[in-house]
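Thanks for coming. I will go through one structure today, starting with its DNA and ending with a sheet.

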Amino acid sequence: MGCYTWAPRRRCLCLQYIFKLQTLSPSASFRFIHNFVYDSSNFVSNQRLSELSKDGRVDEARKLFDHMPYRDTYTWNIMISAYANSRNMVEARKLFDETPTKNSITWSSLVSGYCRNGCEVEGLRLFSQMWSEGQKPSQYTLGSVLRACSTLGLLHSGKMIHGYVTKIQLEANIFVATGLVDMYSKCKCLLEAEFLFVSLSDRKNYVLSTAMLTGYAQNGESLKAMQCFKEMRIQKMESNHFTFPSILTACTAISAYSFGQQVHGCIILSGFGANVYVQSALVDMYAKCGDLNSARMLLNIMEIDDVVCWNSMIVGCVAHGHMEEALVLFHKMHNRDTVIDDFTYPSVLKSLGTCRDLKNGESVHSLIMKTGFDACKTVSNALVDMYAKQGNLNCALEVFNKISDKDVISWTSLVTGYVHNGFHEKALKLFCDMRIAGVDLDQFVIACVFSACAELTIIEFGRQVHGNFIKSSVGSLLSAENSLITMYAKCGCLEDATRVFDSMGTRNVISWTAIIVGYAQNGRGKDSLRFYDRMIIDGVKPDPVTFIGLLFACSHAGLVETGRSYFESMEKVYGIKPGSDHYACMIDLLGRAGKLNEAEELLNRMDVEPDATVWKSLLSACRVHGNLELGERAGKNLIKLEPLNSLPYVLLSNMFSVAGRWEDATHIRNSMKRMGINKEPGYSWIEMKSQVHSFISEDRSHPLAAEIYSKIDEMMILIKEAGYVPVMNFALHDMDEEAKERSLTYHSEKLAVAFGLLAVPNGAPIRIFKNLRVCGDCHSAMKYISSVFKRHVILRDLNCFHHFKEGKCSCGDFW
DNA sequence: CTTTCGCTAT
């Protein structure tokens, strides 16, 4: 008790009592003197109790507490908070219940204790009990319960507290206001948070600003977070170990590398560089931005092994394709007994899935089972994803079935797995099961379902999911909207694709590329290029895929020079090195325009090895222009690269037939047979009222076959009258002319269009899909059909869309 | 004696 720091206060108390005594009667004076002595001895003990509590010496504090002859409310409060601070809520509660006279601080101490120690629900329960016992909450209590609402995401309760805060005019209190801003941010009500923040204009401090900054960072508003950080620095506000991790998260989210580096500079100057939260955020920022060296360095100089840093490092390696290093890091963690947590496994599993490492996949799976992490849903979800990525859908399903409370991510992992492995129908069935199970949608599963619909071109189902998507309040829209554009475009519904595109709030390069490719595929090459101009004006930089779309558009619109200049601008203006697929597009472009020599020249100049697509383009061009010599070279190379692909055999034999070289044609077909290669049978289908009607050549299996065949006969008579002449080149077999014409007449496209004329209501477009490229004769017939029957026929083939209207095709006869 | 803000996973 050697320290008398309390002396001035005691003197103050004395004066207060003397002053009081002068005004009191003798008996009252006695009571006061008694109380004074009592109070001051208590005061000494309370002081000591508080010191012990502050030092975290709870047991000693309790000993003193037990020996104190008199205890006032202050005494009880100190002891209760001592327990709360040492996370011993059981003892804190016991003392609270025994406290004879509770004041507002007694309640606040226990409420805050619960809220800080992970017992938010208990904290809120006590808060309402406090309320019903007539004890009014203070700014302290309100701060604590707002934090609990944030943690639990209780928007409704948070709003009620906000109402009370307004009523008692505590809105301008910085602690309460910060709690409110945080609560609204965590409940994803960024506008409310922002409104409160702005209305506190001159009362902002760095904690409040940090809360707002964090709100921006966690709700995908990285730019606003960065603006907020700049504002803080302009106002000379300090930043702390809460501010830095949040601003770094914002930088990481949009890969704002140089801003992140500047923040790193601020951190070094601020002295917060040794904080683990700050360090892990830095490692994460560097790793995600691709500066793995800086991330590695930070990780190496850290004094303690922090699991978050290791996790971030692994994620960074996975994201930048260093799969082996990710695995090495994981092994290191395992060997040096660094904690491995439920964040580590998903990252490692992702890398094992991406590089299809089956062996290590299984060992990590066993490790997960051994350590009991299979009970953790995020880990199990990642296992489903890994097996699905490895193409092992049985294992994926097995893990999936064992998850007791499947969430949207569990379902999404499996659904995307089926989509990526080409099982689109199965994926859609699973999606339906998910809806039946009552699981809410998110943007990932929606995006995935849209691309499955795009692949299957089943627009009716896709439209229904679009309806679901609009009704559901899915947070981030971009990826879902992007795949929606592709879905509509791939189904030939360009108006719908455009409507989605126009309605989008924000667009990224993928959105623009989707609409560019969509217009290009639907034969609207020039409009496609107009979108590109708008995109550049909007300040969005094209990526390699954008150029595929542009070159495709030029190729199908016959815009050779435009295409050439895009191709040149790729590397010159945007620093994008043309890949094999870009060369393929260019060769296609030149080839279609009949510039086969130039196409060959370009091929010889390629600085990457030509892949199958390049040879395919050249071969197709050679077929169109009847260049057998070059065609043979292309075909041979293609066969070398894709020995099981029937395309070169079919095209070459077709070219020989056209040239009248029947023997060569037969030779090719025989070697195809010898190799056991079958031509994929061509079929066409129409989707109607959620039913798919599919047809193969000379097919009579459809229930309406009789009607369809007589419709075809009628059709052929009418279009011949209009000037149609069968294009015999496309009848491959060396049969007599009459048989050739017959086989042409009952091609699957013609069966489908006849069915469409019968079954699709007048005025609605007839949408036909074909698994191969449309045959030249059918293409010509469709043009006549569209004018004779005054119908809009949309035919999607393997390569692009053909919109037949009034005797013309949108592809301009290039395909 | 009681109050506000932070990193990693599909």
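By a polar contact I mean a pair of N or O atoms within 3.5 Å; within protein, one must be able to donate a hydrogen and the other to accept it, and residues adjacent in sequence count only if both atoms are side-chain atoms. The model is predicted, so local features need pLDDT of at least 70, side-chain atom pairs count only at pLDDT 80 or more, and totals for chains, interfaces and linings use all residues. Residues are numbered from 1 along each chain as its sequence is written, chains are lettered from A and ligands numbered from 1 in the order in which they are written, and side-chain values use heavy atoms, with hydrogens and water left out.

Now the contacts. A polar backbone atom of Q139 lies 3.3 Å from a base oxygen of DNA strand B. For S280, a side-chain N or O atom is 2.5 Å from a base oxygen of that strand. K186 instead has a side-chain N or O atom 2.6 Å from a phosphate oxygen.

How many residues are around DNA strand B? There are 47, and N77, S280, V308, N311 and T378 come nearest; near means a heavy atom within 4 Å. Of the strand's atoms within 4 Å of the protein, sugar and phosphate make up 42%.

Next, the sheet. Six strands (DSSP runs of E, at least two residues, numbered from the N terminus) form an open, mixed sheet in the order 2-1-3-4-5-6. Strands pair if DSSP finds at least two bridges between them. At the edges are strand 2 (691–696) and strand 6 (808–809), each pairing on one side only.

Notes. Helices (H or I, at least four residues) and strands (E, at least two) are DSSP runs, numbered from the N terminus.
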